[in-house]
Amino acid sequence: MIPEPVRVRTDSHDVLGSLLGSGLVLTAGDALPDVGGGIRVHLSESAHDGRVAWRDPSTGAALVALDHGIGSARVRWGVLPEGHRAPCAVLTGDGPLRTAVVPEVDGATVDTRDIDQEVTGAALVCGDLLLGVALPGRETRVLAASALLAFPEARDVLADHALPVQADSVGSVAAVDIDLHLALQWFGEVTAGPAPSDPSEHARLTDMCLSMVRASPRAALEAAAAAERPGPLHAALDRLTADPGTPVEVFMDLVLFAVRGLEAWEADMCAVAARRLEAADVPSEHEAVRAEGTVTAHRLAAQLMGRQGRFAAGSDAVTALRGFLRGLPDDEHDRYRTIEIDTLWALAVALMDVERFQEADGILGDLVDSCVAAAERGVVGSRSQLVDALIARSGALAATGLAAEALRSATEAVRVCEELRVCAPDSHTQDLATAHLQRASVLRYFGREDEAAAAESLSQEVREQGPEVPANPAMSVRLLASRGREHAVAGRHTEALEVFTDMVRIVRAEGVRGSGGRAYLAMALLGQGDALFETGHKERALEASAEAVDVCRQGGVDLAGPGSSLMMPLVRHARLLHSMGRTRAVLDATIEIEDLAGEVDLGAGVLASGRAESAAMRAFTLWFLGRDREALDAAESALGLIADLPGGSYVRGQETAVRGLRDTLVTTLEHSGSGPEDPAGDPLRTGVRLSGTSVVQLNSGLFDMALGMASEAIEILRSSGEEGPEALKALAQAHAVRAWAHPENGALEAVVADAEAALHLMRNGAEGAAPRFLSSTLRTRGWALIRLERWEEAVPALVESVASTRAEVERGGAPSQNLADQVGQLARAYTWLGRYHHALPHAAEAVALGRAIMASGDDPDAAGELLGRHLTYLAFPLWKVGDAEAVTVAEEAVRVLEGLGERTPARDRTLAEARQLLDAVRGPGGSSTE
């Protein structure tokens, strides 16, 4: 019989307890009265007065005698298995909560990871045995029954209440005075009726059942499955599981004999059985059976614990399963890979069903790894499961606010699905459509509406395509065009190149003829050219673009409306030439574009934008060539054309750059009276001018042009062999520009490489570079290292960046926002490394800087966003070091971010992260400092 749970209350204290019988309560607490002190015990709906009869000040354990005895003697003490993790139940007012007692060097603790309530004072039972009481404190240590009975005063109090003062081993069995075969026939009677109310009868039947289970496990399981309520047989099964002396053969019978309806105890039994089977030394001829039993036990433990909401224990079972499988030879592991994947799936689904997305993400990450490993080993169906896992993980990541990682997972799902459809074109239509929709959802979270719309459009096209490949090649071409555009917009240029290359092949080989075929071919070649350029194949990019222009010269290819057959391909071709510094070719192309513009009605659409872009490219090219007077005329023309464009035109973004060029040229010509000669034959002048031009383009937001011009400058300057200060300064500047321009294209490794090159030059001969170049380059390197999660490298880089930025701020050369951001990023890097005490002073400084910026009144929304973000950087390490101030700081972060006037996707993400952090630091129950 197990004791009945009660609540034990004083004026300032409320803990759990258990009624042992005969009016005696076992409890524990760190604020209970001394012996003789009054106390109130609540049992069901009644309350009883009592006094402390015994208390151990060192542990807080106590026995409380009620003024009026209630209940009969019912307790049976049990001995904790020494050195073994044992299943148990914690007795609360909400019913028994199944968990485990974990052995420690100096005692034992209760595993409370899956228990969301305070358990201090609760009794721990295994079957019908009371193992001990949960003590106060963060570690939830256990006072074992054997330790309690070692106190002479406690034994005296128990004896005074006619309670036993001896403990039984979980595996000990009283003598059974009945034939075993006859006893097996009684199983139905033992399990069908209510549990006996008499404690001695309950103990006798439990011991009898324990003997019978050991003798005939399958008969016991059949009886237990038919039981209407827990009773002696279930108590016997708990004790059998906890007993280190249970033969491993019994566990093999229990695990391999599947029975429904036993989840109340089966999860624990499976977890223990798996550990016992894994450690068992069996003959080689039985090894396969042992492995089968171990895998099955781990799988059942994980699945059953997930269904019961015991997710931490379920995760332990999954980890143990994967560890066991990794120890098997590959061929044997392959037999169980599907089980491994199914087990991970079951636990992940259980976690997502209760919206525990952060934990689900960890399991789904393991699932993705397992699917990849299975696919590499050729396990049938594993690639399909990988697609599902990637889509599910993207959803979990998005729900936790990790949108960048969510986008990466959804994008990978699309890629894998497309690979599968190459081998089986009529397969995975629904999966691919779902993956595109998931990408669209995450892209919209980022505010990237154009990319989201493209992904949704592609999803719809895939659904409409149906399970079969269209017989008409034009349908395949349209799908490829849509897919290629979606890849290009998302920055997946390698994938875009593959798609557009396939499109070129199909158009040429599949008989898509006439002007429509030429239009598709031109579209594919232009897309192929852009993708080739982005992937570093510049010469091949120009060849594809030039071929697209030649195709369009044949006429009938209206890519952007009537009259656009040649103009828009020429603009795109000129754009590539301009990015590669092919000055003469750019001038030829822009002259032809201007001639074509006089032959067609441009309107206010893409053709007018193309003409304006061409004029801007002509102005910059002429300036690069040193033909300043012509460049000034071209710049004035470009500004006039841009002014006539609608507000949403993409060329509008170039207006600032062109206006800056015009003003520079006016100043130059006023002082010189004429333009310099063509510098094309002078590598140093060419490199310096290219480097300077790239800075102008970067400051104007023309990152692609800046990247191309800086790359050309680097190539020219390095090949020139010049090593003077002017050359080194221009080279350092070009590397810095390329580092800053790279992030728009996602090439983070290249960012770090260029930043390192620029910094090396600035420290070794290019000291003439402006201090802001040094500070900005240091910040860019730190940013890229953080994005790459190279935290160990990021810390020293950010330390240097903070020092440089601090000096620049003190000189008045940079706003204090730059310093606040760098200090905050340094705190973040320390936090990711788990060096919370190092993170705290930097996070506190970042918060102080943020408060000062906010107090200045300049752009309160931006200042509030900065302060809110840095408050989260401070709250997290405070929480990790156990500082209660973490709640106050996290609450302030949420208040600041909620008070921002203008909402943006970035601010919404920061607010979501702050709220999530606040929930975490408050802990179960959501207590607040307010």
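The legends below describe close-up views of a predicted model.

**View 1. Strand β8 and its two partner strands.**
Strand β8 covers residues 86–92, and seven of its seven residues are buried, so the strand is largely enclosed by the rest of the structure. Burial applies to both faces: Ala-86, Cys-88, Val-90 and Thr-92 lie on one side, and Pro-87, Ala-89 and Leu-91 lie on the other. Strand β9 (residues 95–104) runs antiparallel to β8 and is joined to it by seven bridges. In this pairing, Leu-91 stands opposite Pro-96 of β9. The connection from β8 to β9 is a hairpin through two residues. β8 also pairs with strand β11 (residues 123–126), again in the antiparallel sense, over two bridges. Here Ala-89 of β8 faces a residue of β11, Val-125, which stands opposite.

**View 2. The largest nonpolar core.**
This core has 60 residues, and Trp-345, Leu-364 and Leu-367 are those with the most contacts inside it. Helix α9 (residues 263–279) gives the most to the core, with eight residues. Nonpolar side chains tend to be buried together in soluble globular proteins. Leaving aside neighbours within four places in sequence, Leu-367 is in contact with Ile-341, Leu-344, Trp-345 and Ala-389. A second core of 38 residues is separate from this one, and Ala-496, Leu-497, Val-507 and Val-551 are among its members.

**View 3. Arg-337 in helix α12.**
Arg-337 is part of helix α12, which spans residues 330–353. Its relative accessibility is 6%, so Arg-337 counts as buried, the cut-off being under 20%. The side chain of Arg-337 makes a polar contact of 2.7 Å with the side chain of Asp-334. When residues up to four places away in sequence are not counted, Arg-337 touches Asp-330, Ala-373, Ala-374, Arg-377 and Val-379.

**View 4. Two loop residues with positive phi.**
Most residues other than glycine have a negative phi. Ala-162 is not a glycine, yet its phi is positive, at about 60 degrees. Ala-162 sits in the loop between helix α2 (152–160) and strand β14 (167–169). With a relative accessible area of 57%, Ala-162 is exposed, because the cut-off for that class is over 50%. Glu-789 likewise has a positive phi, near 60 degrees, and is a residue other than glycine. Glu-789 belongs to the loop between helices α31 (771–787) and α32 (791–810). The relative accessible area of Glu-789 is 46%, and the residue is partly exposed.

Key. Residues are numbered from 1 along each chain as its sequence is written. This is a predicted model: local features need pLDDT of at least 70, side-chain atom pairs count only at pLDDT 80 or more; totals for chains, interfaces and linings use all residues. Side-chain values use heavy atoms; hydrogens and water are left out. Helices (H or I, at least four residues) and strands (E, at least two) are DSSP runs, numbered from the N terminus. Buried means under 20% relative accessible area, exposed over 50%, partly exposed in between (1.4 Å probe, protein chains only). A polar contact is a pair of N or O atoms within 3.5 Å; within protein, one must be able to donate a hydrogen and the other to accept it, and residues adjacent in sequence count only if both atoms are side-chain atoms. Contact means heavy atoms within 4.5 Å. A nonpolar core is a set of buried Ala, Val, Leu, Ile, Met, Phe, Trp, Tyr and Cys residues joined through side-chain atoms within 4.5 Å. Two strands pair if DSSP finds at least two bridges between them.
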